[in-house]
Amino acid sequence: MKKKAVFFLCFFFMVNRMLCAENIGTTFSQVQCGYLGLDWRETYQEVLDMKFDIIRLGAYWNRIEKSRGEFDFGELDWQIKKAREKNIRVLLTVGMKAPRWPEYFIPDWLEKETSLRSGSAVSDKPSVRRGVLIFIREVINRYKDENIIIAWQVENEPLSRSGPKDLWIRKDFLQNEIDLVKELDDMDRPVVVNAMTYANGFLRFLTRFIYRKDPVYETIDIARIPAINVYPAIGHEILKNKVCFWTNSGERIKYLRQFVDYARSEKKSLWVTELQAEPWEPGELVHTREEKAITCGAENFPEYFNELRSLNIGTIFLWGSEYWIFRKKRFHDETWITAAMDIIKEQQQNPLSPGI
């Protein structure tokens, strides 16, 4: 009993030290590797070899519970094992939403018996509520003793409307999910909740017709660790017309500073769980052509990273590691990996000390 208490105490201090420090992370998704035609295990090991401080992984519901009540954790077990071997900390996303398209990863067997209307709150469906709470319980119970996991992310952009049907999750059900994670986790790891941001003024104007309160502020209110996703250049295809929504450095910094300041006023640290480090081309799920993308190049995201550091944001996950490997393997283009490695090396040589 005494040894267990000492372990929990050491783990508590390790996690809190980790959370207060600067961390450079990335997200890895085997789903995205499939879109890019990559061997996901090989790609994952290459990403781990880049020696990020932390990696964000997704517990994909539809890949784990392919048949009702039958759970196969083989893929995720392997990913966590490899991260442990490299001593890279893990942020594990649980719930019905996870990183990458199509946003919601509800199993086919459940979707077939559930009518999901476009623009609706998916959490209003009793079958979905029951199913995802069972799934979360299975995930947490399986990994709660895994000390390489330093935090749980509950859902991905839960309050933001997204996916093919613009679905969303109500705040009260999100709180139920968070409460369940806290109840099950004996180590009291922090819960991360994130939201999408819109630095582009026109996109921000449009969101006012959708949300009563900005999901970012609601996320800061509800989460122990609130986080945002930042995309300086977004492409969309609207009525067969390709449109890009651009931003400049000044407007990005001014826009994001309000969230940093609000989080600090609530005595919380704001994370960035996705910083654009891959293209978001209009009308494309992924940019697989050799020609230079118009929305984001390897020369752009180091500038974005430095903007966030200027706001004293301590933990930043670069978004796009699978794409960097794709560029290297398909087109012998290592500029994306080089840019990411330069950021990691610079951080190690010149660490900052941001406050809360």
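**A chat about a predicted model**

Visitor: Which residues of helix 13 are buried?
Guide: Keep in mind that this is a predicted model. Helix 13 runs over residues 321-331 and is mostly covered, with eight of its 11 residues buried. Here's the roll call: Ser321, Glu322, Tyr323, Trp324, Ile325, Phe326, Arg327 and Phe331.

Visitor: What covers the buried residues of helix 13?
Guide: Both helices and strands chip in here. On the strand side, the cover includes strand 1 (23-27) and strand 10 (315-319). On the helix side, it includes helix 2 (30-36), helix 3 (40-48) and helix 14 (335-349).

Visitor: Which residue follows helix 13, and what is its phi?
Guide: Step past the end of helix 13 and you land on His332. The phi of His332 is positive, near 55°.

Visitor: Is Phe209 buried or exposed?
Guide: Start with where it sits: Phe209 is in the loop between helix 9 (201-207) and helix 10 (215-222). Phe209 also helps make a nonpolar surface patch of about 520 Å², along with Phe202, Phe205, Leu206 and Ile210. The cut-off for exposed is over 50% relative accessible area. Phe209 has 65% relative accessibility, so it counts as exposed.

Visitor: In what sense do strand 7 and strand 8 pair?
Guide: Strand 7 covers residues 234-238 and strand 8 covers residues 241-245. They form a hairpin with two residues between them, and His236 stands opposite Val243 in strand 8. Over five bridges, the sense of the pairing is antiparallel.

Visitor: Which residue in the turn of that hairpin has a positive phi?
Guide: The turn links strand 7 and strand 8. The phi there is about 50°, and the residue is Leu239.

Definitions and conventions
Residues numbered from 1 in each chain as written. Predicted model: local features only at pLDDT ≥ 70, side-chain atom pairs only at ≥ 80, totals over all residues. Heavy atoms only, no water. Patch = residues over 30% accessible without salt bridge, like charges linked within 9 Å, V, L, I, M, F, W, Y side chains within 5 Å. Areas by Shrake-Rupley, 256 points an atom, 1.4 Å probe, with all protein chains shown as cover. Salt bridge = Lys/Arg side-chain N within 4 Å of Asp/Glu carboxyl O. Helix = DSSP H or I, 4+ residues; strand = E, 2+ residues; numbered from the N terminus. Buried < 20%, exposed > 50% of the residue type's maximum accessible area, 1.4 Å probe, protein only. Contact = heavy atoms within 4.5 Å. Pairing = 2+ DSSP bridges.
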